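These are my notebook entries on one structure, written in the order in which I looked things up. I began with the term I would need for the side chains and then turned to the model itself.

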Amino acid sequence: MDTIPNQAKLFEQSFHDSLELSSSTKKEVENAAHLTNNESEFSVSPNNILDEGKLFYFDPNGLPHADWHKLGLSDKQIAVLKNYENKGGRFKQKTDLKKIYSINDRLYRRLEPYIRIKAIPDTAITKEQRRTPLLYDKFERNTAELIDINSCDTTALMTLKGIGSVLSKRILKYKDVLGGFYRIEQLKEVYGVPAETYDLIKDHIIVSSLDGIKKININEVDATSLAKHPYLSGKDAKLIINYRDQHGNYVNIEDLTKVGTLSDLAIAKIAPYLIFENDSR
């Protein structure tokens, strides 16, 4: 079973759960929000816990399940926090808690004035924690790292917003049919990738190299094989091969304009996938 999409689903569910905080805490949220930038405006001692919110000073690192409950978190929200912790995650500063997907802005503003993180020496962090990449980190890295769509796998694609198991497989299948992507805009051609999804992922993907693009030797291929490329119809393929048989080999991409029935757009799209005799590409 692929753990990444399951983790993403858990984060997503926990995020929605966090939106269901009781309306009885609304006043606490407003009060706590004033403390975000200036904690001296309102002082709460450890013994002066608010009746409804059960708010108290706490260190999120290693905080018991029961204490998270007292702070108003649901079991699913706590499960996300504990999973992060079990994978070796540690909160080094207050804002690290905000990065957890199940902690939305409203909940974070409510808790932020009461967070007290104890400093620990670097030696307390195990070698295993330094060496092992966290599952949480893999999920979050889509905001910082670019994914090469010509070399990535389905797991990497599923870290992108809007891309699930089915769509990630469909993207890679289309890549194979094309012979590789040469522009990220080609993702719009994949069935099931709407404009909204493309806009979400376009800044997180790249085509780092064209070296892996599979080329078709236009002077050796037959019509049936050429027609398998999604940018050419069966009719187009036959016309291209018939013209070659009648007039000789193609020298360069401009020769395809002599076929007569191919549009400039069709020629431009298929050009990166063709190779000609004595072509140095």
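**Entry 1, burial.** I take a residue as buried when its relative accessible area is under 20%, as exposed when that value is over 50%, and as partly exposed in between. Asp96, at 12% relative accessibility, therefore counts as buried, since buried means under 20%. I keep in mind throughout that this is a predicted model.

**Entry 2, the whole protein.** I counted 14 helices and four strands. Of the 281 residues, 39% count as buried, and the accessible surface comes to about 16,100 Å², with 51% of that surface belonging to carbon and sulfur atoms. When I looked at contacts with a separation of 6 or more, I found that residues 24 or more positions apart account for 59% of them.

**Entry 3, confidence.** The average pLDDT of the protein is 76, and 71% of the residues score at least 70. Which stretches fall under 50? I found that pLDDT stays under 50 over residues 1–52, a stretch for which the model nevertheless has 71 contacts beyond four places in sequence. Over residues 127–144 the pLDDT is also below 50, and there the model has 29 contacts beyond near neighbours in sequence. Where pLDDT is low, the predicted coordinates should not be read in detail, and I left the contacts of these stretches at their totals.

**Entry 4, nonpolar cores.** Which residues touch the most other members of the largest nonpolar core? In this core of 39 residues they are Leu187, Leu226 and Ile240. The elements that give two or more residues to this core are helices H10 (165–178), H11 (195–201), H13 (234–247) and H14 (264–270), and H10 gives the most, with five residues. Apart from this core lies another, of 20 residues, which includes Leu55, Trp68, Leu73 and Tyr84. I then went back to Leu187 and listed its contacts, leaving aside its neighbours within four places in sequence, and these are Ile149, Ile171, Phe181, Val193, Tyr198, Ile201 and Ile205.

**Entry 5, salt bridges.** The structure holds nine salt bridges, and I looked up three pairs among them. Side chains of opposite charge can pair when their charged atoms come close. Glu112 forms a salt bridge with Lys94, with the closest N and O atoms 3.4 Å apart. This pair links distant parts of the chain, 18 residues apart, with Lys94 in helix H5 (residues 94–98) and Glu112 in the loop between helix H6 (105–111) and helix H7 (127–131). Glu112 is buried, its relative accessible area being 5%.

Is Lys99, which pairs with Asp96, buried, partly exposed or exposed? The two side chains meet in a salt bridge at 3.6 Å, N to O, and Lys99 counts as partly exposed because its relative accessibility is 47%, whereas Asp96 is buried at 12%. In the third pair, Arg244 and Asp245, the closest N and O atoms are 3.7 Å apart. Arg244 is buried at 11% relative accessibility, while Asp245, at 56%, counts as exposed.

**Entry 6, Asn219.** From Arg244 I moved to Asn219, which is in contact with Arg244, Asn249, Tyr250, Phe276 and Glu277 once its neighbours within four places in sequence are left aside. Asn219 lies in the loop between strand E3 (216–217) and helix H12 (223–226), and Asn219 counts as buried because its relative accessible area is 9%. For Tyr250 I also noted that the backbone nitrogen lies 2.7 Å from a polar atom of the side chain of Asn219.

**Entry 7, two exposed loop residues.** Tyr191 has its place in the loop between H10 and H11 and is exposed, with a relative accessible area of 67%. Not counting residues up to four places away in sequence, Tyr191 touches Leu167 and Arg170. The C-alpha atoms of Tyr191 and Leu167 are separated by 8.4 Å, and these residues are 24 residues apart along the chain.

Where does Lys161 have its place? I found Lys161 in the loop between helix H9 (154–157) and H10, and Lys161 counts as exposed because its relative accessibility is 53%. The C-alpha atoms of Lys161 and Thr197 are separated by 7.4 Å, with the two positions 36 residues apart along the chain taken as their distance apart.

Terms used
Residues numbered from 1 in each chain as written. Predicted model: local features only at pLDDT ≥ 70, side-chain atom pairs only at ≥ 80, totals over all residues. Heavy atoms only, no water. Buried < 20%, exposed > 50% of the residue type's maximum accessible area, 1.4 Å probe, protein only. Polar contact = N/O pair within 3.5 Å; in protein donor to acceptor, adjacent residues only side chain to side chain. Contact = heavy atoms within 4.5 Å. Areas by Shrake-Rupley, 256 points an atom, 1.4 Å probe, with all protein chains shown as cover. Core = buried A, V, L, I, M, F, W, Y, C linked by side-chain atoms within 4.5 Å. pLDDT = per-residue confidence, 0-100. Salt bridge = Lys/Arg side-chain N within 4 Å of Asp/Glu carboxyl O.
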